[in-house]
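Visitor: I would like to learn how to read the packing of a protein chain from its coordinates. Please take me through it one feature at a time.

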Amino acid sequence: MSLLQLPCELSARVLGELDAQDLLACKRASPWVDHFIANSPSLQYKIELALAGRRDGLSPTIPLSERLEAIQAYRAAWNTGEHPVNQVIRRRSVYESGEVLFSTVSEPKALKVYSTQASFCGVEERAYIWGCNDLRRFLDAGRPTLDLSERLAVTSTAMLRIPILQPMCSFEALEDNFPTHPLAGRDSLYGCIDRSRLPGSSGSNCFQILGDLIAWNVPGHRSEPLIDRIVYNWKTDVKLWHAHLPWMHRLYLLSSKRFLVVDTDALVVRLYTLDPGSLADVGQPLPLDTGCLSVLQLPTMAKGLPHPAKVESTFRLPAALEPAAVANSLFLHDPSLAVLSLHFDFGGPGEDEVDEPYIYHEREYGWASESLDELTPKERHTLVIPVHSILNASDIARAAHPDTPPSVPWEAWGRSGTRMIRPPPRSNRRPCSVLNCQLAFRQWDQAERLCKVTIFEAFPLADQVDVGAELLLEPLRADEEVSGDSPYWTNLGHTTYPVRRTRRDIKLRSGLIEKRTVQTLLSHDGLVFSHD
C-alpha cells in the first residue's frame with residue numbers, strides 16, 4: 001500500500017517520522033505530499049525549525065499554531081534584514097558571558113547582570129543587581145563567566161603559594177558580595193603553571209561552563225612550554241581531565257561526555273570522551289592521548305607564505321539562562337548545530353611588529369584607522385567546522401579502527417563537512433560575536449554613519465533560502481568562499497558544507513562612530529548593541 005492510499009492520520013504519522021531534509025525532498029517529488037504538508041501544522045513547524053537552525057522551545061502549553069507563526073515571523077525578519085536589535089545604554093564597559101551581559105555600578109558598588117529579551121522566540125528579559133564591596137577584585141582579576149541557571153560565577157586570579165604564583169579559579173554564588181556557591185565541592189581550584197614567569201598579564205582566563213562541568217584554559221604565552229588545560233566537575237570536586245599542553249591548544253566542552261582540544265599550531269582537532277559522574281580524580285596531568293577518540297587533520301598551509309599565519313579558534317554554545325526566563329520559549333538555538341571556527345591571518349603583521357594601541361583597538365573594536373591600512377592582513381580565511389561533522393567523522397573512523405585513536409586525513413572528512421569562507425573586507429579580524437552556528441563580522445561605514453553586521457550561519461539546511469530581489473538572506477556568494485586552488489593551502493579542495501549570509505545595517509549617531517565604543521553581540525533572535 002502506498003502513502004497516498006493510507007488514511008490521513010497514518011500518513012501524518014509516517015511523514016512525522018522523517019527529518020526535515022527528507023520532508024523537503026518529498027515535497028519536491030510529489031505534489032500530493034506538498035499539499036499534505038502545507039495543511040499539516042506539525043510537519044510545517046518541523047520544516048520551519050530546521051530551515052531556521054532552531055529547535056522546539058520548552059513550553060508544552062503554547063499552541064502549535066502560535067509557535068509556527070512565531071518561527072515564520074522570525075524567518076521573515078531575517079530574510080529582509082529586519083533582525084531584532086536591542087540597544088543597551090551603559091556608562092561603563094559591558095562584558096559578555098554568552099548571551100548574558102554584565103557591567104559595574106559605581107554608586108552603590110554593584111554588579112549589574114542582564115539577559116536581553118528575545119521577542120520572536122519568547123525568551124524573557126532578566127536583570128539583576130548584586131552588591132559587592134570589592135568590584136575591582138571581581139573584575140580586574142579576570143572577567144567572570146556566568147551561568148544564570150545555577151546562579152554561578154567562575155572568577156580567576158593568581159595566588160601566591162610560595163615558591164610560585166599559581167592561577168586560581170573560584171566558584172561564587174550570584175548574590176550580594178558573591179560568597180562561595182553552596183553547591184560547589186570547594187571554594188577554589190588551582191592550576192600548576194607559575195604565573196610569575198610569564199610576561200605581563202599573559203592574557204585572560206578562558207572558562208566554559210556546561211552544567212556541572214567547567215573547562216579551564218589557563219592563560220599562557222609562547223615563552224611558556226606547557227600550561228594547564230582542565231575539565232572539572234565543580235559540584236563533586238573531581239578533576240576529570242588535566243593535561244599540560246603548549247599555549248596554542250584550546251579546550252572546548254561539547255557535551256557532558258565529549259570535548260575537543262584544538263591545536264592551532266599542528267592544525268589538528270582531537271575529540272575526547274569522559275565520564276562526568278566519575279568520582280576518581282585524575283591527580284597528576286595526563287598524557288595527551290588519554291581519553292582521545294580520534295584525531296582529525298585540518299588542511300595544510302602552503303610553505304613559503306609572505307608571513308607566518310596567525311591562527312585563532314572560537315566556539316560558543318548558547319548560554320544557560322534562569323529557567324523562568326526560558327519557561328515560555330517558543331523555539332531556541334539547537335546546540336547540536338554548534339560550530340567551531342578557526343581564523344587565519346596571512347601576510348599581515350606579526351605579534352611583535354605592531355604597537356600595543358593597534359592590537360588593543362583591533363581586538364576590542366574591530367577597526368583600524370586609515371594610517372594603519374598597511375597593517376591589515378593580505379588575506380583572511382575562516383574555517384567553519386560544525387561539531388556534528390567532527391562527531392560523524394570520528395564515528396566512521398573508529399568503526400574501522402576501534403582499538404586506537406584513528407587519525408582522519410582532511411580529504412576524508414573536511415571538504416564535505418566544513419566550509420572555508422572569506423570574512424567581509426575591512427571587518428574585524430575575528431567575529432565580533434560567535435553563538436552556536438552563527439558568526440557575526442562588523443564593518444564601519446564612516447560616510448553613511450552605519451554599522452554593518454554580516455552574519456554567517458552554518459547548518460544542514462542553511463542553503464535552502466527563499467529567492468527574491470528584496471531578500472538579504474542568501475547562500476554564500478562566490479567571492480565569500482575560498483577556492484580549492486587557493487595558493488595559501490596545499491590540499492584544501494572545494495569545501496561544500498552549507499553556509500548562508502545575511503546583513504543588518506544599524507544607523508548610529510556620529511559620536512558613536514567616531515569613538516568606536518559600540519559593542520555588537522549576537523542574541524537569541526537578533527543583535528544587541530551596547531553603547532554609551
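Guide: Start with helix pairs: axes are lines fitted to C-alpha atoms, for helices over the stretch in contact, and angles run from 0 to 180 degrees between N-to-C directions. Keep in mind that this is a predicted model.

Visitor: At what angle do helix H2 and helix H3 pack?

Guide: Helix H2 (residues 20-29) packs against helix H3 (residues 31-38) at about 125°, and their axes are 5 Å apart. That angle makes H2 oblique to H3, because angles of 65 to 115 degrees count as roughly perpendicular and those over 145 as roughly antiparallel.

Visitor: Which residues of H2 and H3 meet?

Guide: From H2 come Leu23, Cys26, Lys27 and Ala29, and these meet Pro31, Val33, Asp34 and Ile37 of H3. Sorted by class, the contact has 6 nonpolar, no polar and 2 charged residues.

Visitor: How do the axes of H3 and H4 cross?

Guide: They come within 6 Å and cross at roughly 95°. H3 is therefore roughly perpendicular to H4. Phe36, Ile37 and Ala38 of H3 make the contact with Leu43, Gln44 and Ile47 of H4. By class there are 5 nonpolar residues, 1 polar and no charged ones in this contact. Ile37 of H3 thus appears in both pairings, meeting H2 and H4.

Visitor: What span should helix H4 have, and what is the distance between its end C-alpha atoms?

Guide: The general idea is a rise of 1.5 Å a residue. The expected span is 1.5 Å times one less than the number of residues. For the 12 residues of H4 (residues 41-52) this gives 16 Å, and the end C-alpha atoms are 16 Å apart, which agrees.

Visitor: Which residues of H4 are buried, and what follows the helix?

Guide: Buried in H4 are Leu43, Tyr45, Ile47, Glu48, Leu49, Leu51 and Ala52. Just after H4, Gly53 takes a positive phi of about 70°.

Visitor: Where do the buried residues of helix H10 lie around its axis?

Guide: First the general idea: an α-helix has 3.6 residues a turn, so residues three or four places apart point the same way. In H10 (residues 410-417), the buried residues are Trp410, Trp413, Gly414 and Gly417. They cover an arc of only 110° around the axis, which puts them on the same side of H10. The face turned away from that side carries the exposed residues Ala412 and Ser416. The cover over the buried residues includes strand S18 (292-297), strand S22 (379-386), helix H9 (387-400) and strand S23 (407-408).

Visitor: Where are Asn177 and Leu267, residues with a positive phi although neither is a glycine?

Guide: Both are in loops. Asn177, with a phi of about 65°, is in the loop between strand S9 (164-173) and strand S10 (188-190). Leu267, with a phi of about 60°, is in the loop between strand S16 (258-263) and strand S17 (268-273).

Visitor: Are Asn177 and Leu267 buried or partly exposed?

Guide: The cut-off for buried is under 20% relative accessible area. Leu267 has 6% and is buried, whereas Asn177 has 42% and counts as partly exposed.

Visitor: How many helices and strands does the protein chain have, and what part of its residues counts as buried?

Guide: The chain has 11 helices and 31 strands. Of its 532 residues, 54% count as buried.

Conventions
Residues numbered from 1 in each chain as written. Predicted model: local features only at pLDDT ≥ 70, side-chain atom pairs only at ≥ 80, totals over all residues. Heavy atoms only, no water. Helix = DSSP H or I, 4+ residues; strand = E, 2+ residues; numbered from the N terminus. Buried < 20%, exposed > 50% of the residue type's maximum accessible area, 1.4 Å probe, protein only. Arc of directions from axis to C-beta. Contact = heavy atoms within 4.5 Å. Parallel < 35°, antiparallel > 145°, perpendicular 65-115°, else oblique. Nonpolar A, V, L, I, M, F, W, Y, C, P; charged D, E, K, R; others polar.
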